Amino acid sequence: MSIKISATAFDPWQEVQTYQKSALRAGQFGATSVFIGTMRDFNDGAAIQGMILEYYPGMTEKQLEKIVGEAQQQWAVLDALVIHRVGAILPNEPIVLVAVWTAHRGDAFDASRYIMEALKSRAPFWKKELLGPEDERWLVANTQGYKTD
Amino acid sequence: MIMSIKVRYFASLKESLDRSEDELAFGKSLTVREVWQCANAGKPLPAHILAAVNMDYVDLDSIVQDNDEVAFFPPVTGG
């Protein structure tokens, strides 16, 4: 398991490839689920110029480790990689990567969805959106993420 | 016995309080809710506030120990 907080832009595809080569044995895994969250240039009816992502150093890592640990107890996870950006972020930059390696696809899909949903509701990160010069707003809550009809 | 507690604030709460932390000393055991009241006399706890002690989520009625780090913050919005 690897959890990283990154204060600079990262390439999620490169990270997945590098991690897979270094941490997993070829032939061991049959499924890899990769989720990438990328910053949009719009939200809630407004154009967004950029974002500041604040976190709670120490607690954020602790909660992420706990969440991945919970996923490992529920599904047959071989390995997992979670990377989350903090600091100043621009539209189109990746914010979060959740990659999960398993033997079969069901565990990969379910474990990565669990990690992502738990991260959204429990990992201490806060987004402040920059709408223009001297115009900014804190995001009050995350969107639900799934259709509820 | 005097208990020393560090209190930390994050995000919009830190901005509205205009500070990121407090160092407090108490002569008796307090709950997380009482720590807020001591640190922010007269200010009610904001709705939907989350609290942590030593970087784990806690109930507002849990008891704080000597040298604990208590944190208050708004709902999280990462990912």
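In what order do the elements of chain A run from the N terminus on? I looked this up before anything else, keeping in mind that the model is predicted, and I noted the order as β-α-β-β-β-β-α-β-β-β-α-β-β. I then wrote down that chain A has three helices and ten strands. Its radius of gyration is 16 Å, close to the 15 Å that the globule rule gives for 149 residues, so I recorded chain A as being as compact as a globular protein of that length.

Next I looked at the extent of chain A, and I found that its C-alpha trace spans about 55 × 35 × 25 Å along the principal axes. Of the 149 residues in chain A, 33% are buried. I also checked the contacts with a separation of 6 or more, and in chain A 75% of these join residues 24 or more positions apart.

I turned to the interior and found that the largest nonpolar core holds 46 residues, with A:A80, A:V82, A:V98, A:V100 and A:I115 having the most contacts inside it. Strand β8 of chain A, residues 94–102, gives the most to this core, namely seven residues. Leaving aside residues up to four places away in sequence, I listed A:I3, A:L64, A:V68, A:L97, A:V98 and A:I115 as those that A:V82 touches.

Last I went to chain B, where B:G27 sits in the loop between β2 (21–26) and β3 (30–31). Is B:G27 buried or exposed? I noted it as exposed, because B:G27 has 8 C-beta neighbours inside 10 Å, and 12 or fewer count as exposed. Although B:G27 and B:M3 are 24 residues apart in sequence, their C-alpha atoms are 6.2 Å apart in space.

Methods:
Residues are numbered from 1 along each chain as its sequence is written. Chains are lettered from A and ligands numbered from 1 in the order in which they are written. This is a predicted model: local features need pLDDT of at least 70, side-chain atom pairs count only at pLDDT 80 or more; totals for chains, interfaces and linings use all residues. Helices (H or I, at least four residues) and strands (E, at least two) are DSSP runs, numbered from the N terminus. The radius of gyration is taken over C-alpha atoms; the globule rule is 2.2 Å times the number of residues to the power 0.38. A residue is buried if 20 or more other C-beta atoms lie within 10 Å of its own, exposed if 12 or fewer, and partly exposed in between; C-beta atoms are placed from the backbone. Two residues are in contact if their C-beta atoms, placed from the backbone, lie within 7 Å. A nonpolar core is a set of buried Ala, Val, Leu, Ile, Met, Phe, Trp, Tyr and Cys residues joined through C-beta atoms within 7 Å.
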